[in-house]
Amino acid sequence: MNIYVGNISYRMTDEELRSTFEEHGEVTSARIITDRDTGRSKGFGFVEMPEQDAANAAISALNGAELQGRTLTVNEAR
């Protein structure tokens, strides 16, 4: 399942995003979207999790959770 993660701290790295979701199951990819001109984070990203149950558990646990001073928005990517 591809998961959208919004309102990410601009200081967060792909590795930190991955480790946050790995607490709930296997993560195949985790990437924060960056501006191609400046290289700066756009404040959102995507996490790919192969197992539906683990992905749903991560969404339930992390949507509305505070991480690095920001309240995350987490849902299934459309």
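Mentor: Buried means under 20% relative accessible area, exposed over 50%, and partly exposed anything in between (1.4 Å probe, protein chains only). This is a predicted model: local features need pLDDT of at least 70, side-chain atom pairs count only at pLDDT 80 or more, and totals for chains, interfaces and linings use all residues. Residues are numbered from 1 along each chain as its sequence is written, and side-chain values use heavy atoms, with hydrogens and water left out.

Trainee: OK, the sheet then. Which order do the 4 strands of the open sheet have?

Mentor: Strands here are DSSP E runs of at least two residues, and helices are H or I runs of at least four, numbered from the N terminus. Two strands pair if DSSP finds at least two bridges between them; in this sheet the pairing is antiparallel. S2 (29-34) and S6 stand at the edges with a single partner strand each, so one side of each has no neighbour in the sheet. Read across, the order is S2-S3-S1-S6.

Trainee: How many bridges join S1 to S3?

Mentor: Those two strands run antiparallel. One place to look is Asn 2, which stands opposite Glu 48 in S3. The bridges joining S1 to S3 number 5.

Trainee: H1 and H2 both pack on this sheet. Which strands does H2 touch?

Mentor: Count a contact when heavy atoms are within 4.5 Å. H1 touches S1, S2, S3 and S6, and its direction makes about 140° with that of S2 (axes are lines fitted to C-alpha atoms, for helices over the stretch in contact, with angles from 0 to 180 degrees between N-to-C directions). H2's direction makes about 155° with that of S6. The strands H2 touches are S1 and S6.

Trainee: Which residues of H2 (residues 52-62) are buried?

Mentor: Start with what they pack against: strand S1 (2-6), helix H1 (14-22) and strand S6 (73-76). On the other side of H2, Asp 53 and Ser 60 are exposed. The buried ones are Ala 54, Ala 55, Ala 58, Ile 59 and Leu 62.

Trainee: And why do those buried residues sit on the same side of H2?

Mentor: An α-helix has 3.6 residues a turn, so residues three or four places apart point the same way. Here the directions from the helix axis to the C-beta atoms are confined, for the buried residues, to an arc of only 140°.

Trainee: On to the rings. Which residues do ring pairs link into a cluster?

Mentor: Rings of Phe, Tyr and Trp (its six-membered ring) pair if their centres lie within 6.5 Å; planes under 30 degrees apart are stacked, over 60 edge-to-face, the rest tilted. Tyr 4 and Phe 44 make a tilted pair, 6.0 Å centre to centre with 35° between the planes, and Phe 44 also pairs edge-to-face with Phe 46, at 6.1 Å and 90°. Tyr 4 is partly exposed at 26%, as is Phe 44 at 25%. The cluster is Tyr 4, Phe 44 and Phe 46.

Trainee: Where in the chain is Gln 68?

Mentor: Gln 68 has a positive phi of about 55° although it is not a glycine. At 33% relative accessibility, Gln 68 is partly exposed. Its place is the loop between strands S4 (66-67) and S5 (70-71).

Trainee: Where is Asn 7?

Mentor: Asn 7 is another non-glycine with positive phi, near 60°. At 29% relative accessibility, Asn 7 counts as partly exposed. You'll find Asn 7 in the loop between S1 and H1.
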